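Biologist: Give me a close look at what surrounds the ligand, please. After that, carry on to a few other spots.

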Amino acid sequence: MHNNPDQFSSKIGFVLAAAGSAVGIGNLVGFPVAAAKNGGGAFLLLYIFFVVAICLPLILAELSLGRATGQSPLGAFKQVSKNSKIWAFAGALSLITPFMIAVFYSVLTVWLLGYFLQVLSGRLDELATPVYFGGFITSPWIFAYLAAVIGMVVLVLKGGVRDGIEKAARLLMPMLFIMLIGLAVFVLTLPNAAAGLKFYFTPQLDRITWSVVNGALSQAFFSLSLGMGILITYGSYLRKQDNLVQSAKMLACTDTGVALVAGLMTLPAIFAIYPSTNPGELSDSSVGLIFSFFPNIFMAMVPKFGYLAASFVAATFFLLAFVAAITSLVSIIEVPVAALKAESKQTRNKALTVVITGVLLGAVFSALSFGQVKWLSEFAFYSGMNKSLFDVLVDVFYDTILPFNGLLICLLVVWQWKRHNMAAEMASGGATGWLERYTHAAIAFWIPAILATVFVVTVINKFFS
Ligand code: PHE
């Protein structure tokens with residue numbers, strides 16, 4: 001048991017792997033941009049509130065469910081619901097969700113790799129022009145980058161839990177932390193950084209609207225890799241003696257810490273570069289704008305530091321984001337792989353081949369949905385506009401389904417598994433404390449109530465307005 005390669009080797013091994021999953025594009029790009037758009041400190045407060053009040057208990061619920069059953073989400077749902085049909089549907093959703101998120105996330109990862117390589121080849125100035133992004137994402141090069149990204153994921157996942165996922169995290173996460181701190185320290189020495197800090201830490205409460213609240217919650221779910229089955233799967237790789245409550249706290253702190261530092265790095269940079277910026281003007285920024293926005297931040301360093309130095313900083317940023325994205329991609333693809341392996345009693349490699357082929361196909365389709373192929377680019381029509389396949393995946397799975405999956409977990413724990421079983425699992429690593437008691441109460445009452453409300457309002461706002 002002690003040397004089981006299908007388990008994490010220690011608590012710290014688990015925390016690094018789970019942080020590898022949690023720290024991703026959401027922290028480095030999504031969080032700072034959302035904070036800049038949505039009232040700085042006000043967004044920050046809301047975000048932290050959701051992490052503590054809603055996400056932490058759900059992290060614990062997912063981890064204990066995974067460890068108690070020793071199964072992937074599908075198996076776990078089936079086992080605790082004693083094979084009920086309705087819950088099999090929820091189990092299926094917990095596999096479809098990571099699969100679909102893996103599809104659009106691999107496209108984002110590909111863009112980051114591409115931008116990193118473009119900066120290395122000296123094209124930072126071109127990246128900063130508004131037209132560049134559109135040309136870049138529709139160029140055939142995308143498919144070469146996609147092959148490289150998928151290749152790296154396969155390389156890690158072939159190694160299994162301890163020699164693949166954990167080993168990669170032990171290597172890549174420290175590298176990521178060093179790059180992040182280096183960049184943040186650099187940005188904070190720029191002139192006018194103080195204005196950014198002030199904006200970041202001043203809550204502008206009048207900016208809080210329903211969509212800001214909803215945005216903060218989806219962001220927290222996505223960032224902590226909740227509702228994707230990842231923590232159930234990783235929970236099943238945890239040793240009984242590891243303390244779940246401590247692990248959950250460490251995970252939430254690392255992930256939130258990285259997001260905060262990323263904000264610390266980005267907001268002062270915005271203010272240093274555009275002293276007269278009103279960050280609210282970013283408010284209709286699409287993914288495309290974000291991609292030209294970062295190169296612009298770096299280009300603004302050129303007069304003072306020179307093109308080479310600016311390119312160096314830019315390359316570090318894109319490499320950092322790329323590394324973060326790869327470790328997240330690994331974790332999300334592991335979910336359907338683990339489930340398929342268990343359900344079909346196949347070898348790991350066979351399951352991996354099937355899942356990777358599916359993700360690759362899906363990613364090719366979404367990568368072609370930016371105008372190249374008409375039916376993919378006009379995949380659906382709602383909220384008064386045509387939506388590409390990529391947009392639909394983001395709207396449906398990121399914005400809508402994640403909190404819904406969180407709701408399903410609460411209901412499963414309360415109605416089927418029963419809370420005393422969850423409590424026993426949480427306590428098996430020797431944990432007791434406020435979080436355990438809070439989780440016990442909150443998961444049965446106000447967390448499901450909030451998640452159900454958010455789900456209904458989001459569906460109405462997104463798809464029927
Ligand atoms: N937590 C990741 C992030 O913040 C999101 C994610 C996790 C996406 C796992 C895919 C897979 O970017």
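Modeller: Sure, ligand first: it has 14 residues around it, and the closest are A22, G26, Y105, F222 and S223. To count as near, a residue needs a heavy atom within 4 Å of the molecule. Before going on, the small print: this is a predicted model, where local features need pLDDT of at least 70, side-chain atom pairs need pLDDT 80 or more, and totals for chains, interfaces and linings use all residues. Residues are numbered from 1 along each chain as its sequence is written, and side-chain values use heavy atoms, with hydrogens and water left out.

Now the polar contacts, meaning pairs of N or O atoms within 3.5 Å; within protein, one atom must be able to donate a hydrogen and the other to accept it, and residues adjacent in sequence count only if both atoms are side-chain atoms. The backbone does the work in three of them. A polar backbone atom of G26 sits 2.7 Å from a ligand oxygen, one of F222 is 2.9 Å from a ligand nitrogen, and a backbone N or O of S21 is 3.3 Å from a ligand nitrogen. On its own the ligand has 320 Å² of accessible area, and the protein covers 100% of that (Shrake-Rupley, 1.4 Å probe; for residues, only the protein chains shown count as cover).

Next up is helix α22, residues 446-463; helices here are DSSP runs of H or I with at least four residues, strands are E runs of at least two, and numbering starts at the N terminus. Its 18 residues reach 26 Å from first to last C-alpha, close to the 26 Å expected (1.5 Å times one less than the number of residues). I447, P448, L451, V454 and T458 are buried in α22, that is, under 20% relative accessible area, with exposed over 50% and partly exposed in between (1.4 Å probe, protein chains only). They lie on the same side of α22, because they cover an arc of only 125° around the axis, taken from the directions from the axis to the C-beta atoms. Their cover includes α3, α11, α19 and α21, where contact means heavy atoms within 4.5 Å.

One more stop: S236, in helix α12 (residues 230-236). It counts as buried because its relative accessibility is 15%. A polar atom of the S236 side chain lies 2.6 Å from the backbone oxygen of T233. Leaving aside neighbours within four places in sequence, S236 contacts G66, R67, G70 and Q71.
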